[in-house]
Amino acid sequence: EILSVLYDGYKKLPNGRKLIKLIVIINTAIAEAILFDFVVNRLKRPFRSEIIFADIFSILKGTDLRKFEHYITQAERYDLFELKDTNFYDALRSLGKKRNRIHIQNDKWEEPHDEYKIFDEKSKVLSEKVLEKILNTMTMKYPRREEYHGFVKDFEFPWDRHFSTPSELTI
C-alpha cells in the first residue's frame, strides 16, 4: 500500500520526482525480502514436503546468508530466474548498491556522487522491472504452499506492467 501512495505522489505532485529515491529503495527492499524468504526459508530450511532443489538444499544447509549479495549470488549460481544470459543479476546488484546509499553514505566513493543522478527515472524503471520479474518468476515457477497465503497480501503493481508474459525480460 505504501508503494501505491508513493506512486500517486510521484505522478501527481509538482515535485514528485523527489519520491524516486524512496520508490527505488522500497522496490529493492521488497526484492531482497523475496530472495531472502526463498533462499533461507524455502531452500535452506524448507518444509519437509517442499524441498525444491535437493542439491542446493545440501549446499546451503551450513551457509551463512545474511546479505542481499549472497542471495543474488545463489540465485545466479542456480539461475533461479532462467536469465543467466541477460543482465538481470547485474541489475539486481546495481539496485543493491543504490539501496545501500540510503543514508547518503558513499564510503567507496562510487560515481556518481550526486544522489540526484543515482535515483533517476531510469533506476525507478529498472527497480520496477527487476521486482516484477522476481514476483512473476516466484508465482509461476515456485508458488508458495496455500498456508503461507494468509501472512502477506497479494502484491499489486502500482505501475503499468512492463512484461506481457511472466517469462519476458528486457532491461
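The legends below describe several close-up views of a predicted model.

Residues are numbered from 1 along each chain as its sequence is written. Because the model is predicted, local features need pLDDT of at least 70 and side-chain atom pairs count only at pLDDT 80 or more, while totals for chains, interfaces and linings use all residues, and side-chain values use heavy atoms, with hydrogens and water left out.

**View 1. The whole chain contains seven helices and zero strands.**
Helices (H or I, at least four residues) and strands (E, at least two) are DSSP runs, numbered from the N terminus, and in that direction the elements run α-α-α-α-α-α-α. The average pLDDT, which is the predictor's confidence in each residue on a scale from 0 to 100, is 78 for the chain, and 72% of the residues score at least 70. Confidence is highest in helix H1 (residues 2-12), with a mean of 93, and lowest in helix H3 (residues 54-60), with a mean of 50. Of the 171 residues, 44% are buried, where buried means under 20% relative accessible area, exposed over 50%, and partly exposed in between (1.4 Å probe, protein chains only). Contact means heavy atoms within 4.5 Å, and among contacts between residues at least 6 apart in sequence, 67% join residues at least 24 apart.

**View 2. The largest nonpolar core has 38 residues.**
A nonpolar core is a set of buried Ala, Val, Leu, Ile, Met, Phe, Trp, Tyr and Cys residues joined through side-chain atoms within 4.5 Å. Leu35, Phe81, Phe88, Leu92, Val130 and Ile134 have the most contacts inside this core. The elements that give two or more residues to the core are H1, H2, H4, helix H5 (88-100) and helix H7 (121-141), and H2 gives the most, with 10 residues. In soluble globular proteins, nonpolar side chains tend to be buried together.

**View 3. Phe36 and Tyr71 form an edge-to-face pair.**
Rings of Phe, Tyr and Trp (its six-membered ring) pair if their centres lie within 6.5 Å, and planes under 30 degrees apart count as stacked, over 60 as edge-to-face and the rest as tilted. By this rule the model has six aromatic pairs. In the pair shown, the ring centres of Phe36 and Tyr71 are 5.7 Å apart and the planes meet at 75°, so the pair is edge-to-face. Because Phe36 lies in helix H2 (residues 20-44) and Tyr71 in helix H4 (residues 68-77), the pair ties together parts that are 35 residues apart in sequence. Phe36 is partly exposed, with a relative accessible area of 34%, whereas Tyr71 is buried, at 2% relative accessibility.

**View 4. Phe81 and Phe88 form a tilted aromatic pair.**
The rings of Phe81 and Phe88 are 5.1 Å apart from centre to centre, with 55° between their planes, and both residues are buried. Not counting residues up to four places away in sequence, Phe81 touches Leu35, Ala75, Phe88, Tyr89, Lys133, Ile134, Thr137 and Met138. Leu80, in the loop between H4 and H5, counts as buried at 1% relative accessibility. The C-alpha atoms of Leu80 and Met138 are 9.2 Å apart, although these residues are 58 apart in sequence.

**View 5. Five residues of H4, including Phe68 and Tyr71, are buried on the same side of the helix.**
The buried residues Phe68, Tyr71, Ile72, Gln74 and Ala75 cover an arc of only 165° around the axis, which puts them on the same side of H4; the arc is that of the directions from the helix axis to the C-beta atoms. An α-helix has 3.6 residues a turn, so residues three or four places apart point the same way. After H4 comes Asp79, whose phi is positive, near 45°.

**View 6. Phe68 of H4 is in contact with Thr28 of H2.**
Both residues count as buried, Phe68 at 5% relative accessibility and Thr28 at 2%. Leaving aside neighbours within four places in sequence, Phe68 contacts Thr28, Ala31, Glu32, Leu35, Leu92, Gly96 and Arg99, and Thr28 contacts Phe68, Leu95, Gly96, Arg99 and Ser127. Phe68 and Glu32, 36 residues apart along the chain, have their C-alpha atoms separated by 5.9 Å.
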